[in-house]
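This report describes a protein for a reader who is new to structural work. Please look at the sequence and the structure shown below before reading on.

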Amino acid sequence: MAGLQGSTIPPVDEIDLRSDTVTRPSPGMRAAMAAAEVGDDQFGEDPTVNRLQERVAELLGKEAALWVPTGTMANQVALRVFTRPGDDVIVCRESHAMWHETGAAAANAGVQFTEVGSGGVFTAADFLAARKPRGHLLYPPTTLVEVEDTHNRAGGVVFPPADAAAICSAAREQGTASYLDGARLFNAAIAGARRPADLAAPFDLVSIALSKGLGAPGGSVLAGSLDHIEAAIRYRRMSGGAMRQVGIFAAAGLYALDHNIGRLVEDHANARVIADRVAESARAILDPVTVRTNILVFRLTDDGPDAATVVARARERGVLVFAFGPRTVRAVTHLDVSKEACVRAASLLLEAIEASA
Ligand SMILES: *Cc1c(COP(=O)(O)O)cnc(C)c1O
């Protein structure tokens with residue numbers, strides 16, 4: 001039976017490539033959670049949360065950091081920190097903030113988005129062409145520019161660091177703030193052989209997710225200047241996201257940072273294995289060379305099955321993938337799927353695309 005969110009709970013022997021959020025905490029992570037020292041985080045008294053926040057601030061080269069329950073809340077809080085209702089926010093085409101947050105930005109921050117670029121990336125010139133000045137008689141002021149790295153809907157695309165730096169410096173010159181939705185920043189760092197702090201450096205505020213490739217059961221962290229994090233504390237509370245003995249989650253986050261960053265290379269290699277196989281089909285549009293992280297998004301040609309059909313056929317074969325659009329399918333590798341499982345899933349997925357009925 002379909003659940004409220006339209007999915008069914010997969011039997012454990014299915015290969016679940018719907019998302020890197022489906023991972024379950026490992027025994028080691030659960031042990032760390034059980035042993036966590038905790039306190040009331042709203043009083044700043046949870047030592048494990050404090051340790052996690054200091055650790056992420058250091059890792060991202062920022063003054064301060066703040067744990068939030070979800071990446072969506074991180075994005076919402078970021079909008080509140082930098083914008084006023086009616087402002088314009090420049091984002092990349094098909095960004096998470098615009099497509100995957102159920103209209104939250106319009107409902108909570110009251111901002112409008114302008115989409116620029118394509119394929120998960122845009123340039124400083126794209127930003128400057130779309131940016132609207134403050135004080136104009138007609139235009140909504142562009143007070144924030146947001147980059148998503150890696151870019152989810154574009155297929156886990158790594159944002160070129162030189163473009164990020166150019167966008168942020170153009171933004172600073174124009175008095176526009178910059179925010180990095182780095183839910184999968186560690187994937188970008190590993191794929192591009194960059195330090196996370198270097199990727200975060202150009203931005204005023206940055207978020208990372210602990211609950212995606214890093215395998216924690218929940219939590220994202222915002223990092224930036226003390227002033228911005230102080231503002232974020234208020235908006236987190238306003239969003240209903242200020243919690244209490246949340247060190248149990250923070251312990252999972254610390255465990256994830258200790259154990260699950262380096263191994264992301266395995267997820268990237270596994271995604272390539274699947275991409276190479278899918279690309280064998282003339283019905284799939286996908287250049288495996290573009291698959292650098294743990295996400296592959298492929299399009300289905302008009303003469304083959306549509307995305308819903310491929311998803312259903314893959315499920316019959318024990319592989320779960322996600323329909324991103326009428327003819328677009330996403331598969332995501334993660335720490336709960338082995339190389340062997342991905343090799344098997346690749347063949348089954350190819351079968352699902354190639355099957356005649
Ligand atoms: C998953 C994701 C988010 C939101 O995270 P949730 O924890 O699911 O709310 C934000 N941005 C990007 C790019 C994501 O992939």
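## The sheet and its strands

Strands β3 and β5 pair in the parallel sense over three bridges. Strands, like helices, are DSSP runs numbered from the N terminus, with at least two residues (E) for a strand and at least four (H or I) for a helix. Two strands count as paired if DSSP finds at least two bridges between them. Within this pairing, Ile 90 has Val 145 in β5 as its bridge partner. In general, the strands of a sheet pair through backbone hydrogen bonds, either parallel or antiparallel.

The model is predicted: local features need pLDDT of at least 70 and side-chain atom pairs count only at pLDDT 80 or more, whereas totals for chains, interfaces and linings use all residues. Residues are numbered from 1 along each chain as its sequence is written, and side-chain values use heavy atoms, with hydrogens and water left out.

The open sheet has seven strands, in the order β2-β8-β7-β6-β5-β3-β4, with mixed pairing. Its edge strands, each pairing on one side only, are β2 (64-68) and β4 (112-116). From one strand to the next, the twist averages 20°.

At the β2 edge, β2 and β8 pair in the antiparallel sense over five bridges, and Leu 66 has Leu 222 in β8 as its bridge partner. Is β2 mostly covered or mostly open? Strand β2 is mostly covered, as five of its five residues are buried; buried means under 20% relative accessible area, exposed over 50%, and partly exposed in between (1.4 Å probe, protein chains only). Ala 64, Leu 66 and Val 68 point one way from β2, while Ala 65 and Trp 67 point the other way. Helix α10 (residues 226-238) lies across β2, β7 (205-209) and β8 (220-224), and runs at about 20° to β2. Axes here are lines fitted to C-alpha atoms, for helices over the stretch in contact, and angles run from 0 to 180 degrees between N-to-C directions.

## Backbone exceptions in loops

Most residues other than glycine have a negative phi, and most peptide bonds are trans. Two residues with positive phi are set out below.

| Residue | Phi | Loop | Relative accessibility |
|---|---|---|---|
| Glu 94 | about 60° | between β3 (88-92) and α4 (96-99) | 29%, partly exposed |
| Thr 102 | near 50° | between α4 and α5 (104-109) | 83%, exposed |

Another exception concerns a peptide bond: the one from Asp 149 to Thr 150 is cis, with omega near 0°. Thr 150 is placed in the loop between β5 (142-148) and α7 (161-174).

## Two domains and their interface

The domain assignment gives domain 1 (2-24 + 263-354) and domain 2 (36-259); such bounds come from an automatic or database assignment. The centres of the two domains, taken over C-alpha atoms, are separated by 27 Å. In contact (heavy atoms within 4.5 Å) are 16 residues of domain 1 and 19 residues of domain 2.

How much area do domain 1 and domain 2 bury between them? They bury about 1600 Å², 54% of it on carbon and sulfur atoms. Buried area is the accessible area (1.4 Å probe) that two parts lose on being put together, summed over both. Leu 264, Arg 292 and Phe 324 supply 34% of the area that domain 1 buries against domain 2, more than any other three residues.

One salt bridge is counted between domain 1 and domain 2. The term denotes a side-chain nitrogen of Lys or Arg within 4 Å of a carboxyl oxygen of Asp or Glu. The side chains of Arg 184 and Asp 20 meet in a salt bridge, at 2.8 Å from N to O.
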